[in-house]
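Student: I am new to this structure and should like to understand how its features come to be named as they are. May we look at it together?

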Amino acid sequence: MILWKYELKKILFTQGGIWILCGCLLCKLVFLSVFPELKDERIRLTQKQYDKYLEQLYGENTPEKSALIKEEYETCIAIINASEEMKKEYQQGDLSEEEWQQFAEKLDWAYLHQNAVQIFQEKEIQFEAQRADVSPAHYIYEYGWQTIFTLQMFPDIFLLFGILVLAVQSFCTEMTNGTLPILLAARNGRRRLFGTKLSALLTICFAVLLVGGVSEAAVFLLRGWCNDAKAPLYSISLFAECDMLELSLQQGYLLSLSVRLCATLLFVIMLFGLSVWIRNRVNLLFLGICIVTIPLLFTRQAGASLLFTHIGLLCGGRMLILLGKVEFSFIFPLICVGIYSGTVLVMAMRRYQKGL
């Protein structure tokens, strides 16, 4: 316990880890606070009309709602398409002034409602393509959740960078200041020191990830982005094709955060193991960045195989999309990533016990 506390103190204070993590957490909160809501530009043109339709359609999708949207959309398109012909007839004197005024009012209505009804018509098409044996999708104001899960399409770069910096210093510090050979001289204490370093590092990472996750959720709640959290995940456009995932928006977000936390800890375990071989900070930091970023370059080609990498699990939104297209649980890729991360750790521990 004394050795564990010493390692905690060394990582957080002697090596300045507490300031690195606080700085990264602050940067993350500032970024989330100023990041704009990803709202459809068409809504800005017809906000009142969009709100009116949403109030009318709000809740579970039904055949009646689908029919209403189709009728409204077809009416708008028919009026707009007829405008040139009606204008020509009016100019030729085939329409009276009263008939033209009546059509002009309808045309103004069609132009005013076109963008709003088109948004819901696109949603209706998405809902119609979904499986009939799952709970109906909901019409909700989706853009807060769209923004949340779009951010989740990428790893938490701020906290991940801070954790990466802490992890690369595991053995590099002792190697740099020359104390590592002294520590290795105590043959019976090598296993204990190895385990203590790892547990202290994982404890710090778990704590900062927990604080980061709670803080992130608090920012989203304060910004009003978490409305209708119990609606099915496939109610929003980003997951419209993921009807195999029978999760609510809230459950999807919590799953994303949980898997990201586990994947980050597994990444730290593997990086800790690699630090036994690569004791140069710059080289180890570069390798860690490569492990995270290189798979992202092959996202489209990788497909579902991306789930079996650290980055595939660190990108929660992307993970949910991929899970919605396969028939296995997130647990299977998480176990696979855990196996090869653990293998690296075991090999590192054996090397460490032999004295490097």
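Student: At what angle do the axes of helix α4 and α5 cross, and within what distance do they come?

Tutor: This is a predicted model. In it, the axes of α4 (residues 47-57) and α5 come within 11 Å and cross at roughly 155°.

Student: Why is α4 called roughly antiparallel to α5?

Tutor: Angles over 145 degrees count as roughly antiparallel. The crossing angle is roughly 155°, and therefore α4 is described as roughly antiparallel to α5.

Student: Which residues make the contact of α4 with α5?

Tutor: From α4 come Tyr-53, Gln-56 and Leu-57, while α5 contributes Lys-65, Leu-68, Ile-69 and Glu-72. By class, four residues of this contact are nonpolar, one is polar and two are charged.

Student: What makes the phi of Asp-228 worth a remark?

Tutor: Most residues other than glycine have a negative phi. Phi of Asp-228 is near 50°, which is a positive value in a residue other than glycine. Asp-228 sits in the loop between α11 and α12.

Student: Why does Asp-228 count as partly exposed?

Tutor: Buried means under 20% relative accessible area and exposed means over 50%, with partly exposed in between. The relative accessibility of Asp-228 is 23%, so Asp-228 counts as partly exposed.

Student: Let us turn to enclosed spaces. How many cavities of 30 Å³ or more does a search of the whole structure find?

Tutor: The search finds three. The largest cavity has a volume of about 60 Å³, and the second largest cavity holds about 50 Å³ of space.

Student: What makes a space a cavity rather than a pocket?

Tutor: In a cavity a 1.4 Å probe fits but cannot get out, whereas a pocket is an open set of points.

Student: Which residues line the largest cavity, and which elements each supply at least two of them?

Tutor: The lining consists of Glu-7, Lys-10, Ile-11, Gln-15, Leu-166, Gln-169, Ser-170, Lys-197 and Leu-201. The elements that each supply at least two of these residues are α1 (2-14), α9 (157-177) and α11 (190-222).

Student: How do the residues of that lining divide by class?

Tutor: The lining of the largest cavity has three nonpolar, three polar and three charged residues. Among its residues are Ile-11, Gln-15 and Glu-7; Ile counts as nonpolar and Glu as charged, and Gln falls among the others, which count as polar.

Student: What lines the second largest cavity?

Tutor: Its lining is formed by Pro-155, Asp-156, Leu-159, Leu-160, Ile-163, Leu-209, Arg-260, Thr-264 and Leu-314. Two or more residues come from each of α9 and α12 (249-277), and α9 gives the most, with three residues. This lining has six nonpolar, one polar and two charged residues.

Student: What is the volume of the largest pocket?

Tutor: The largest pocket has a volume of about 320 Å³. It is lined by 20 residues, of which Gly-213, Ala-217, Tyr-253, Leu-254 and Leu-257 are the closest to its centre. Both α11 and α12 supply at least two residues of this lining, which has 13 nonpolar, three polar and four charged residues.

Student: How much space lies in the second largest pocket, and how many residues line it?

Tutor: About 270 Å³ of space lies there. The second largest pocket has 15 lining residues, with Asn-61, Phe-127, Glu-128, Arg-131 and Pro-136 nearest its centre. The largest share of the lining, three residues, comes from α7.

Conventions. Residues numbered from 1 in each chain as written. Predicted model: local features only at pLDDT ≥ 70, side-chain atom pairs only at ≥ 80, totals over all residues. Heavy atoms only, no water. 1 Å grid on protein atoms, 1.4 Å probe; cavity = no way out; pocket = protein on both sides within 12 Å on 5 of 7 lines; lining within 4 Å. Points joined across faces, edges and corners; volume = space filled by probe spheres on them. Helix = DSSP H or I, 4+ residues; strand = E, 2+ residues; numbered from the N terminus. Buried < 20%, exposed > 50% of the residue type's maximum accessible area, 1.4 Å probe, protein only. Axes fitted to C-alpha atoms, helices over the stretch in contact; angles between N-to-C directions. Parallel < 35°, antiparallel > 145°, perpendicular 65-115°, else oblique. Contact = heavy atoms within 4.5 Å.
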